[in-house]
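Here are my notes on this one, written with the coordinates open next to me. Have a look at the model first, then go through the points below.

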Amino acid sequence: MTVAEALSSGVERLGAAGVDTPEVDAELLVAHVLGTSRSGVHADRDREVPEEFEELLERRSRREPMAYVLGEWGFRRLTLKPDARALVPRPETEVVVERCLLLLRGEPEPRVLDLGTGTGAIALAIADEHPGARVTAVDSSAEALALARENAQALGLHVELQLGALEAAADGWDLVVSNPPYVTPAEWDTLQPEIRVWEPRAALVGENLHEEIARRADTRFLVLEVGDGQAQNVAGALRSLGYLDVTISRDLAGKKRVVEGRRR
Ligand SMILES: C[S@@+](CC[C@H](N)C(=O)[O-])C[C@H]1O[C@@H](n2cnc3c(N)ncnc32)[C@H](O)[C@@H]1O
């Protein structure tokens, strides 16, 4: 099969499967099997595409998330290995890391906790971009933690990994960061199959965890990712708990997705 044929069959099959972005996804799959970029795909449309394309296209047609199909996913400066043991890191979470790094600027060896680490994305990005930071990553899922460990080893980054839950926030930190589950059970039923069928429900569905973490945290800084529409409530909760300098930041789409505050 040539590149031109693979793109045309990919767009048709992904479109029929209800994928939102069939053209982009077909290009990404062809690029992946050819070891090139999306734009590189069009350099030679008569080039033969390896057979592996067919298997990847079939997986994506079953609405498996692109990140799981590709087996690699960019997050800030890192390439992570995502799979069904943990949530696929989202672009808005890169802004969460940005806020943490700004708060930690000038701190030589801050103690940082990433609560609910999943693939390890936030913890590993902080360890990568603030080499002095002593980062601990906690998750209540042993499967997610195993994946975070594999990512840390593959990247050669040191992060302390611990099976645990919200109590970890009370341990005395310079910064606690968390992207906790914040999707309501009713919202869950309305989500795309890529999320509802493939990603771990326990990574996404949860209520009032922001406030619970803020209440328990013994930390100088707290940085929380929130769902679209949740920022004002979470900021209000932080203020009522006595947090200072409570700030809301927007993601690249302009949505209010990060709330931070200072405890002392
Ligand atoms: C929304 S995912 C975030 C994953 C990763 N930090 C990211 O931003 O891509 C939430 C993570 O929190 C974990 N989790 C859920 N409830 C938890 C709890 N009570 N204590 C610790 N971790 C929890 C889940 O297993 C999941 O890995």
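1. Start at the ligand: 17 residues surround it, and those that come nearest are Gly116, Asp139, Ser140, Asn179 and Ala203. Keep in mind that this is a predicted model.

2. What is the make-up of that shell by class? It splits into eight nonpolar, eight polar and one charged residues.

3. Now the polar contacts. Two of them involve the protein backbone: a backbone N or O atom of Thr117 sits 3.3 Å from a nitrogen atom of the ligand, and a polar backbone atom of Ser140 is likewise 3.3 Å from a ligand nitrogen. With Asn179 the side chain does the work, placing an N or O atom 2.8 Å from an oxygen atom of the ligand. As for cover, the ligand taken alone exposes 600 Å², and the protein buries 90% of that.

4. Asp128 deserves a click too. You'll find Asp128 in helix α6, which spans residues 121–129. Is Asp128 buried or exposed? Its relative accessibility is 18%, so Asp128 counts as buried, the cut-off being under 20%. Leaving out residues up to four places away in sequence, Asp128 touches Arg77, Leu78 and Leu157.

5. Last, the overall layout. The chain is divided into domain 1, covering 3–62, and domain 2, covering 87–262. How many Å separate the centres of the two domains? Taken over C-alpha atoms, the centres of domain 1 and domain 2 are 33 Å apart.

Conventions. Residues numbered from 1 in each chain as written. Predicted model: local features only at pLDDT ≥ 70, side-chain atom pairs only at ≥ 80, totals over all residues. Heavy atoms only, no water. Domains from an automatic or database assignment. Near = heavy atom within 4 Å. Polar contact = N/O pair within 3.5 Å; in protein donor to acceptor, adjacent residues only side chain to side chain. Areas by Shrake-Rupley, 256 points an atom, 1.4 Å probe, with all protein chains shown as cover. Nonpolar A, V, L, I, M, F, W, Y, C, P; charged D, E, K, R; others polar. Helix = DSSP H or I, 4+ residues; strand = E, 2+ residues; numbered from the N terminus. Buried < 20%, exposed > 50% of the residue type's maximum accessible area, 1.4 Å probe, protein only. Contact = heavy atoms within 4.5 Å.
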